[in-house]
Amino acid sequence: MRPPVILKTTSLFDSSYSCSSPSDRRLNTLARHFVCAHNPMASHDDISASPTAASDSVFAQLVRAPEDPILGVTVAYNKDPSPVKVNLGVGAYRTEEGKPLVLNVVRRVEQQLVNDVSRNKEYIPIVGLADFNKLSAKLIFGADSPAIQENRVTTVQGLSGTGSLRVGGEFLAKHYHQRTIYLPTPTWGNHPKVFTLAGLSVKTYRYYAPATRGLDFEGLMEDLSSAPSGSIVLLHACAHNPTGVDPTLEQWEQIRQLIRSKALLPFFDSAYQGFASGSLDADAQPVRLFVADGGELLVAQSYAKNMGLYGERVGALSIVCKSADVASRVESQLKLVIRPMYSSPPIHGASIVAAILKDGDLYNEWTIELKAMADRIISMRQQLFEALLSRGTPGDWSHIIKQIGMFTFTGLNTEQVSFMTNEYHIYMTSDGRISMAGLSSKTVPHLADAIHAAVTRGV
């Protein structure tokens, strides 16, 4: 009987397998890959060490960056175990119970969006949601604005107020003949960083008068009069941050006349529309004054405060131009700024805003809730003022009720602020700015005690 023929086969995973053709060699390479994948130790001998593996990190030379002066207040607050601690640093609204607030109208709209099975998560256009942009322009300029009716406004959705300012800053650095922007002293701590990184040169103009804890109107007018023609001027539309000091409408008119006569370019930061006075129209009046004269301007809007959409990062940048043709070309260039920066904005928050602004019932519900937030802050101002009066705290504290919006510039110095933090566990920025929205009827007496102790210490 003939012996059976034994065919010797060699596994592709056998290292003795001999490759005689290019296809065999490719198969062998693939086989080795699988061996290494199933047995990671098999490949270690073939991996050469990184030249930096035995040395320090390539980032070892970095120094630790300081905490953001505003957000750092919350970091310190969170580390404090005291049961009586109060955080008056970050600008976010709190209820009387000290809790974050989601507006009822926002919750309703969110539920409607969730229940709408036709919605998807596709990218939206570079400039954002069309409805959102159109309605945001109407909110700040007014539905009957000639600039809107003449199609002289281009609006793009931005990443809240900060992102809208940054897009506007980069657009101006690329396409405007002047690259100097004047900021008020003081201003929001992020303003200088945003515009410097956007490519603009930052200078300042006088705004706050420490002696009166009010507006240095004369200094403001002098400094803007001295600014080179064509310079950009940042203006807080309402509820100036950090001082809470706003010009009167008569003063705004004088500022407008000066800016137009010098051919300066106004750039409004509108972070608190409706949140300051409780009236959306009243808080937009300064912006509308400038639009009415037919001149050009920029406005950055945020829905963080007035709709409580802090974490949704919802904002808009509007540029009012001389003609519809110019507005169209401006929008085309704004797209070129946005595309490499974040490509396109998020859809969720803007959808909430658009739904509220275009529905009459939802809009009315929003304005009621918005006024309630503004009224509570006004009430906190009155309560704090009266508490200091009742304690006989030295000094004139009437600025607390004269200032407007989320913040009060107390006039306390760095040493007094440090004392209040160490002894009373009250957290605020070192310049004495406090967020009135962080106060409640329960915490006002504690704050008043702390202020009284701080200003009478050593007297």
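Buried residues make up 48% of the 459 residues in this protein, where buried means under 20% relative accessible area, exposed over 50%, and partly exposed in between (1.4 Å probe, protein chains only). The model is predicted: local features need pLDDT of at least 70, side-chain atom pairs count only at pLDDT 80 or more, and totals for chains, interfaces and linings use all residues. Residues are numbered from 1 along each chain as its sequence is written, and side-chain values use heavy atoms, with hydrogens and water left out.

**Exercise 1. State how many helices and strands the protein has, and what share of its contacts with a separation of 6 or more comes from residues 24 or more positions apart.**

Step 1. The secondary structure comes to 16 helices and 13 strands. Helices (H or I, at least four residues) and strands (E, at least two) are DSSP runs, numbered from the N terminus.

Step 2. Contact means heavy atoms within 4.5 Å. Of the contacts with a separation of 6 or more, 75% are between residues 24 or more positions apart.

**Exercise 2. Describe the ring pair of Tyr93 and Phe275, and find which parts of the chain the pair ties together.**

Step 1. A pair of aromatic rings is described by the distance of the centres and the angle of the planes. Rings of Phe, Tyr and Trp (its six-membered ring) pair if their centres lie within 6.5 Å; planes under 30 degrees apart count as stacked, over 60 as edge-to-face and the rest as tilted. The whole structure holds 12 aromatic pairs.

Step 2. The ring centres of Tyr93 and Phe275 are 6.2 Å apart and the planes stand at 90°, so this pair is edge-to-face.

Step 3. Tyr93 is in the loop between β1 (86-87) and α3 (104-115), and Phe275 is in the loop between β8 (265-270) and α10 (280-292), so the pair ties together parts that are 182 residues apart in sequence.

Step 4. Tyr93 counts as buried at 6% relative accessibility, and Phe275 counts as buried at 1%.

Step 5. Ring pairs link Tyr93, Tyr272, Phe275 and Phe407 into a cluster. Arg433 lies over the face of Phe407, at 3.7 Å from the ring centre. The condition for a charge over a ring is that NZ of Lys or CZ of Arg is within 6 Å of the ring centre and within 35 degrees of the ring normal.

**Exercise 3. Work out where the buried residues of α3 and α7 lie around each helix axis.**

Step 1. In α3, Val105, Val106, Val109 and Leu113 are buried. These residues cover an arc of only 100° around the axis, which puts them on the same side of α3. The arc is that of the directions from the helix axis to the C-beta atoms.

Step 2. Arg107, Val114 and Asn115 are exposed on the other side of α3. The cover over the buried residues of α3 includes α12 (348-358) and α13 (360-391).

Step 3. In α7 (residues 191-198), the residues His191, Val194, Phe195 and Ala198 are buried. Their arc is only 85° around the axis, which puts them on the same side of α7.

Step 4. The buried residues of α7 pack against α6 (160-175), and also against β3, β4 (201-206), β7 (232-236) and β8. Just after α7, Gly199 has a positive phi of about 105°.

**Exercise 4. Identify which element gives the largest share of the largest nonpolar core.**

Step 1. A nonpolar core is a set of buried Ala, Val, Leu, Ile, Met, Phe, Trp, Tyr and Cys residues joined through side-chain atoms within 4.5 Å. The largest has 65 residues, and those with the most contacts inside it include Phe132, Trp366 and Leu384.

Step 2. Among the elements that give two or more residues to this core are α3, α4 (130-141), α12 and α13. The largest share, 10 residues, comes from α13.

Step 3. A second, separate core of 33 residues includes Phe141, Met221, Ala227 and Phe409.

**Exercise 5. Locate the cis peptide bonds at Pro186 and Pro242, and the positive phi of Arg313.**

Step 1. Thr185 and Pro186 are joined by a cis peptide bond with omega about 0°. Pro186 lies in the loop between β3 and α7.

Step 2. The bond from Asn241 to Pro242 is also cis, with omega near 20°. Pro242 lies in the loop between β7 and α9 (249-261).

Step 3. Arg313, a residue other than glycine, has a positive phi near 55°. Arg313 lies in the loop between β9 (297-302) and β10 and counts as partly exposed at 34% relative accessibility.
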